[in-house]
Structure formats: structure tokens, C-alpha cells
Amino acid sequence: MEKIRMGVVGLGHRGRNMFKLAAEAFPDYVIPAAACDLITANWTDTKFQQTKSMAEQFPETVFYTDFHTMLKEANLDAILIETGADIHAQFCADSLMAGVNVLSDIPVVATIEEADMLWKVHKECKNVMFSTGANSNTTRYSRMMRELYNAGYLGKPYYMEAEYVTGQHWEDNLYRKVDPLTENGDWRKLLSPIRYCTHSLGPFLAFVPEDLRKVSCFGTGPQAPIEEYGGFPKDDVQTAQFQTDSGVVIKLLRTGRCRAKIGSHNYRVFGTEGYFESESERGKRGQVMRYNSTKYYPASELLEQEGGYMPYECIHNPAAAGHGGADYVLLDDFIKALLTGGEPPISLKEGLRMTLPGIYAEMSAKQGGELLEIRYPWDNE
Ligand SMILES: NC(=O)c1ccc[n+]([C@@H]2O[C@H](COP(=O)([O-])OP(=O)(O)OC[C@H]3O[C@@H](n4cnc5c(N)ncnc54)[C@H](O)[C@@H]3O)[C@@H](O)[C@H]2O)c1
């Protein structure tokens with residue numbers, strides 16, 4: 001393949017920005033062939049803080065309101081799945097079965113049954129690539145912890161914790177209506193905070209080889225007047241503890257409604273030879289990373305350096321955009337893999353390893369924190 005005929009389904013703020021980035025940052029390799037949304041106005045009207053409509057920006061691109069018609073007619077090589085967070089799996093499966101390579105946004109699936117279905121379809125479509133759009137895994141802090149681990153500076157990680165602290169999926173978009181999302185954005189009302197866990201678990205699972213096996217999760221319940229939840233009361237905070245078979249523990253905090261005016265992502269890794277943390281913005285201070293190691297003399301005491309999303313290799317690349325360049329790297333890796341016939345940068349298995357624990361955590365929270373065993377589609381293979 002020399003040039004990729006790229007399509008997108010879902011033109012909310014995420015889908016349009018990813019499609020635009022793919023077309024504009026990789027003009028030598030990507031043809032923005034087709035786009036699809038149920039809402040025609042998402043193509044024809046100026047929306048989501050863009051200054052021109054998508055139709056004006058991409059006059060050569062064919063717009064569809066029906067996904068299957070696009071799959072049949074647009075002769076796509078690859079597709080970005082950017083529908084709501086609870087409806088990815090069927091779009092992914094149908095694309096794979098149509099021979100179209102997939103880059104799916106996260107979380108990958110919404111139910112255990114969808115995970116089984118997608119795993120089965122993926123195995124039947126061996127020559128078609130599925131890659132998970134886990135941009136958290138391409139961030140600077142994610143790379144840093146992976147590199148420290150690979151160098152042996154952390155030893156064996158035995159306890160990790162992550163926090164994704166944001167009101168974004170709750171109040172900014174849906175209730176305050178600063179920039180209202182699409183009419184089909186129900187997932188923002190319905191999704192339990194803990195289900196949006198891939199940004200937090202993904203960076204850890206990139207170097208923890210074992211699957212997460214057990215989970216117990218608690219929620220705080222809603223902490224504002226119930227009528228403020230628009231008929232869909234959710235926990236303001238949920239925390240889950242996961243454990244692998246060998247006893248590695250990961251704690252995850254996710255917010256639904258959040259009053260903390262701090263940055264979003266925090267990570268800590270406790271290893272037998274060292275420690276790493278990435279701390280989000282606090283007031284005037286930006287993101288920082290800190291680490292120490294018994295295996296690296298300069299870090300025998302805690303070292304501190306600038307953190308953030310921007311992957312190091314993007315610092316001098318003006319085309320690198322989207323979450324500080326993390327989205328650019330995600331697309332770059334996907335495009336390179338397609339052009340060279342390489343392995344998917346973040347496989348379906350990796351995507352499910354970081355998605356399914358959130359689904360089980362939500363079930364545990366609904367059962368008052370009951371300890372549940374996490375099952376994966378590959379367990380009996
Ligand atoms: N990786 C990240 O950093 C990141 C950031 C934001 C959002 N996301 C993910 O990106 C996805 C999209 O997020 P968003 O905020 O743009 O959501 P959104 O709800 O605003 O947009 C989804 C779009 O999909 C369209 N859609 C739904 N069903 C469709 C169908 N059958 N056919 C065609 N179009 C259909 C909707 O009309 C809507 O325009 C979500 O899965 C979310 O989890 C990821």
C-alpha cells in the first residue's frame with residue numbers, strides 16, 4: 001500500500017480532529033476519502049470550535065450518513081472509529097469483515113459479550129489490522145515509565161496507582177453546555193467513570209505482562225442535588241483496586257463530577273529497584289515526572305524533570321498536534337504499520353486488557369464492591 005484511503009465514522013469533536021490530523025499531518029500517505037455521521041450538520045455546519053465546516057475543509061471527501069453504505073462504496077483502506085465511547089465494537093467488527101483496517105478509539109468495547117465477539121471476528125480476519133487508539137500510551141510520561149522499566153531501573157513493579165481526575169465528561173460538555181456535544185452523545189450521561197479507564201491502565205499494562213485478574217470497586221454516589229444529574233445520577237468518584245495472579249496491585253481513581261481544579265492524569269509506579277511518578281498540573285506548576293533508582297547512580301536520589309503529553313520525538317516537529325503530539329504519534333505509528341505491513345502498534349489484545357477491567361469494576365461497584373474475577377476472551381485458548 002502506498003497511499004491510504006482513510007475514512008472516519010463519528011464526527012464529534014474527536015472524530016473530526018483525528019481525521020483532520022491524519023489528512024493534514026500525513027498528506028503524502030493519507031487520502032481523506034470518506035466521512036460518516038448520523039447528523040449531516042456535523043459535516044455541513046461549522047462546529048466544535050472549528051472555523052470552517054468539515055465540508056469546506058475537505059471538498060474532495062465523500063460524506064455519508066449510513067456507515068454500511070460508506071463501507072460498501074468508499075473503497076477504504078483504513079477507518080477511524082470515533083463514535084461514542086459505548087458503541088465502538090460493532091463498527092470495528094463490520095469494518096474488519098469488510099477488509100478495512102481499523103484504528104478504534106477507546107474504550108474498545110462496552111460489554112464482555114462485545115469483547116468475545118470482536119476477538120472472534122479479529123481472529124477470522126487475519127489479514128486486516130486492528131489497532132487501539134490508546135493515545136495515553138504514546139505520551140511522554142507513558143514512554144518514560146516504560147523506558148525506565150525496560151532499562152531495569154524500576155525492577156519489578158509491585159504496586160501502581162493512577163488517577164484520571166476530570167469533570168470533562170460530565171459538567172463541561174453536557175451540563176454547562178459551553179460547547180454542546182452532539183445529539184447522540186448519550187454515552188457522556190450513561191458511562192460509569194471507572195469504565196473510562198484506558199488512559200490510566202494502558203501505560204501500566206504496556207510493561208506489566210500479566211493480565212489484571214481481580215477487581216473490587218467502590219463509588220461515592222452523587223454528591224450534588226440529584227436534579228443536577230439530568231436524570232442519570234452517577235458516582236462522583238469511583239476507585240477500583242485490581243490484582244494480577246502474581247499479586248501485583250493497581251489502584252485507579254476516576255471522577256464523574258469533579259470540583260478539583262487540577263490537571264487530569266497522575267501515575268505512580270513502585271518497583272523493587274525504583275520509583276516513578278508523573279504528576280499533573282497544580283496551580284502555576286506544570287506537569288512533572290520524578291524518579292529514583294538503585295540501578296542508576298544519577299537517580300539514587302529523587303530526580304525531577306518536566307512532564308507532559310508531548311512525546312520527546314515531537315518536540316521539534318511542527319506537524320505534531322493533538323494532546324501535545326500524542327495523537328500525531330498514534331496516527332504515525334498506525335500509518336507506518338499499514339504502509340510496511342507491520343504489526344499493529346497497540347493490538348486488540350492490548351486494547352481489551354486495558355478496557356475489560358473497567359467493565360468488571362463497574363459491575364463490582366454495582367454489587368457494593370464485591371470481589372470479581374476478570375475474564376478475557378483468550379483465557380481458554
Ligand atoms: N483518546 C482520547 O484522548 C479521546 C478524547 C476524546 C474522546 N475520545 C473518544 O472518542 C470517541 C468520540 O468522542 P466524542 O467526544 O467526539 O463523542 P461524540 O459523542 O461527540 O461524537 C460521536 C459521534 O458519533 C456519531 N455517531 C453515533 N452513532 C453513529 C452511527 N451509527 N453512524 C454514524 N455516526 C454515528 C454521533 O452522531 C456523534 O457525532 C469516544 O469513543 C471517546 O471515548 C478519546
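## Arg290 and its partners

Glu304 and Arg290 meet through their side chains in a salt bridge, at 2.8 Å from N to O. The pair ties together parts that are 14 residues apart in sequence, because Glu304 sits in strand 14 (residues 303-306) and Arg290 in strand 13. Keep in mind that this is a predicted model.

Arg290 has other acidic partners too. Its side chain also meets that of Glu277 in a salt bridge. Here Arg290 lies in strand 13 (residues 288-293) and Glu277 in strand 12 (residues 274-279), so this bridge joins parts 13 residues apart in sequence. Glu279 makes a salt bridge with Arg290 as well. Since Glu279 lies in strand 12 and Arg290 in strand 13, that pair ties together parts eleven residues apart in sequence.

The three bridges, side by side:

| Salt bridge | N to O distance |
|---|---|
| Arg290 and Glu277 | 2.5 Å |
| Glu304 and Arg290 | 2.8 Å |
| Glu279 and Arg290 | 3.5 Å |

How buried or exposed are these residues? Arg290 is buried, with a relative accessible area of 13%, and Glu277 is buried as well. Glu279 is partly exposed, at a relative accessible area of 23%. Glu304, at 52% relative accessibility, counts as exposed, because the cut-off for that label is over 50%.

These bridges belong to a wider picture. A network of salt bridges links Glu161, Lys251, Arg268, Glu277, Glu279, Arg285, Arg290 and Glu304. Over the whole structure, the count comes to 21 salt bridges.

## Where the two domains meet

The domain assignment splits the chain into domain 1 (4-133 + 325-344) and domain 2 (137-313 + 354-373). Their C-alpha centres lie 25 Å apart. Each side brings its share to the contact: 23 residues from domain 1 and 23 residues from domain 2.

Between them, domain 1 and domain 2 bury about 1,900 Å², with 69% of that on carbon and sulfur atoms. On the domain 1 side, Phe48, Ile106 and Ile112 lose the most area to domain 2, and together they make up 25% of what that side buries.

How many salt bridges cross the interface of domain 1 and domain 2? The rule finds zero. Polar contact does turn up between the domains, in two residue pairs, both at pLDDT 80 or more.

As for secondary structure, helix 6 (112-124) and helix 11 (326-340) are the elements that give two or more residues to the side of domain 1 that touches domain 2. Helix 11 provides the largest share of that side, four residues.

## Aromatic rings

The structure holds 14 aromatic pairs. One of them is Phe19 with Phe58, an edge-to-face pair at 5.4 Å centre to centre with 65° between the planes. This one links distant parts of the chain: Phe19 is in helix 1 (residues 13-25), Phe58 is in the loop between helix 3 (54-57) and strand 3 (62-64), and the two are 39 residues apart. Phe19 counts as buried at 1% relative accessibility, and Phe58 is buried too, with a relative accessible area of 7%.

Phe270 and Tyr275 also pair edge-to-face, at 5.0 Å centre to centre and 65° between the planes. Phe270 is partly exposed, with a relative accessible area of 24%, whereas Tyr275 counts as buried at 12% relative accessibility.

There is a cluster as well: Tyr141, Phe204, Tyr267 and Tyr309 form one aromatic group of this kind.

Key. Residues are numbered from 1 along each chain as its sequence is written. This is a predicted model: local features need pLDDT of at least 70, side-chain atom pairs count only at pLDDT 80 or more; totals for chains, interfaces and linings use all residues. Side-chain values use heavy atoms; hydrogens and water are left out. Rings of Phe, Tyr and Trp (its six-membered ring) pair if their centres lie within 6.5 Å; planes under 30 degrees apart count as stacked, over 60 as edge-to-face and the rest as tilted. Buried means under 20% relative accessible area, exposed over 50%, partly exposed in between (1.4 Å probe, protein chains only). Domain bounds come from an automatic or database domain assignment. Contact means heavy atoms within 4.5 Å. Buried area is the accessible area (1.4 Å probe) that two parts lose on being put together, summed over both. A salt bridge is a side-chain nitrogen of Lys or Arg within 4 Å of a carboxyl oxygen of Asp or Glu. A polar contact is a pair of N or O atoms within 3.5 Å; within protein, one must be able to donate a hydrogen and the other to accept it, and residues adjacent in sequence count only if both atoms are side-chain atoms.
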